[in-house]
Amino acid sequence: MQIKRLFSTYGVKGTERYLDIQKKYEAARTLLYFGISAALFIAGYFQTKSRINLLTVVAILGCLPASKSAVSAIMFLRFHSCLPEYAVQVREHSQGLAVLFDCVFTSYKKNFRVSHMAVRGNTVCGFSEDGDFPENDFYKHIGNILKLDGHKEVTVKIFVSLPKYLERLEQMKSLEEEEVKTSAVVETLKSVIL
């Protein structure tokens, strides 16, 4: 039963340890794809004693998905999951709230790493381990995304202080629970994270 529960959240956006799990998956997939291309090239070379053969063409075409996978692996290798000691504290204080772990929001100019986010109705709060988190740029970026997806009057606040964030999580529990709005905002956030 424990194994089934482990694999039901394996590699799912917004779950705890997502970035670390995805990092390993993407790296392994990239090595496998390049390994298959290399094996095809070598097999073709040994079979025909020449580089000019059909398996070489297949190996070269196989480098396209391998390269795409390499780009994805590089993106994930740049980030790490929420520290376990922070995750334990956040989990204790976020009972009953819709939460997302390990969120990386990408924009044309910057990437924003938010270790944990909690959503209740039109209120979104997050915690970033990055001490110099560019709050204003993030608010503009995420505000535009939420508006484009039809969410009006959503307040977003990112904390860089864990005690203040935990205090805010407790306050959010007293807000009116609006399941439809909450799930819609969560789905929008999930659709734009790495």
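E153 sits in the loop that joins α5 to β4, and in this predicted model the residue has a positive phi of about 55° although it is not a glycine. With a relative accessibility of 72%, E153 counts as exposed, because that class covers values over 50%. The briefing below turns from this loop residue to a second one with positive phi, then to the nonpolar cores, the helix pairs and two individual helix residues.

**Loop residues with positive phi**

- R17, which is likewise not a glycine, has a positive phi of about 70°, and its place is in the loop between α1 (2–8) and α2.
- The relative accessible area of R17 is 31%, so this residue is classed as partly exposed, whereas E153, at 72%, is classed as exposed.

**Nonpolar cores**

- The largest nonpolar core holds 20 residues, and the members that touch the most other members are F105, V114, M117, V124, F138, I142 and L189.
- Both strands and helices contribute to this core, since at least two of its residues come from each of β1 (98–106), β2 (111–120), α5 (135–148), β4 (155–159) and α7 (179–192).
- When residues up to four places away in sequence are not counted, I142 touches F105, V156 and L189; of these partners, F105 and L189 are themselves listed with I142 among the members touching the most others.
- Another core, of eleven residues, lies apart from the largest one, and its members include L97, F127, L162 and L169.

**Packing of α5 with α7**

- The axes of α5 and α7 are 10 Å apart, and the two helices pack at an angle of about 120°.
- This angle makes α5 oblique to α7, because it lies beyond the 65 to 115 degree range that counts as roughly perpendicular and is not over 145.
- α5 and α7 cross in a right-handed sense, and the contact is formed by I142, I145 and L146 on the α5 side and by V185, T188, L189 and V192 on the α7 side.
- Sorted by residue class, the contact of α5 with α7 comprises six nonpolar residues and one polar residue, with no charged residue.
- I142 and L189 therefore appear in two settings, as residues of the contact between α5 and α7 and as members of the largest nonpolar core that touch the most others.

**Packing of α4 with α6**

- Helix α4 (residues 84–93) packs against helix α6 (residues 162–172) at an angle of about 20°, and their axes are 9 Å apart.
- Because angles under 35 degrees count as roughly parallel, α4 is roughly parallel to α6.
- The crossing in which α4 passes α6 is right-handed.
- Y86, Q89, V90 and H93 make the contact from α4, while L162, Y165, L166, L169 and E170 make it from α6.
- The residues of the contact between α4 and α6 fall into six nonpolar, two polar and one charged.
- L162 and L169, which belong to the α6 side of this contact, are also among the members of the eleven-residue core.

**Packing of α2 with α3**

- The axes of α2 and helix α3 (residues 54–77) cross at roughly 165° and come within 8 Å.
- As angles over 145 degrees count as roughly antiparallel, α2 is roughly antiparallel to α3.
- α2 and α3 make a left-handed crossing, and the residues of their contact divide into 18 nonpolar, ten polar and three charged.

**Two helix residues in their surroundings**

- D20 belongs to helix α2 (residues 18–48) and is buried, because its relative accessible area of 17% is under the 20% limit for that class.
- Not counting residues up to four places away in sequence, D20 touches H80 and S81.
- Between D20 and V180 there are 30 Å in space, C-alpha to C-alpha, and a separation of 160 residues in sequence.
- R168 is found in helix α6 and counts as partly exposed, because its relative accessibility of 22% is not under the 20% that defines burial.
- With neighbours within four places in sequence left aside, R168 is in contact with T123, C125, F159 and L175.
- R168 and S94 are 74 residues apart in sequence, while their C-alpha atoms are 9.7 Å apart in space.

Conventions
Residues are numbered from 1 along each chain as its sequence is written. This is a predicted model: local features need pLDDT of at least 70, side-chain atom pairs count only at pLDDT 80 or more; totals for chains, interfaces and linings use all residues. Side-chain values use heavy atoms; hydrogens and water are left out. Axes are lines fitted to C-alpha atoms, for helices over the stretch in contact, and angles run from 0 to 180 degrees between N-to-C directions. Helices (H or I, at least four residues) and strands (E, at least two) are DSSP runs, numbered from the N terminus. A crossing is left-handed if the near helix is turned anticlockwise from the far one by less than a right angle, and right-handed if clockwise. Contact means heavy atoms within 4.5 Å. Ala, Val, Leu, Ile, Met, Phe, Trp, Tyr, Cys and Pro count as nonpolar, Asp, Glu, Lys and Arg as charged, and the others, Gly among them, as polar. Buried means under 20% relative accessible area, exposed over 50%, partly exposed in between (1.4 Å probe, protein chains only). A nonpolar core is a set of buried Ala, Val, Leu, Ile, Met, Phe, Trp, Tyr and Cys residues joined through side-chain atoms within 4.5 Å.
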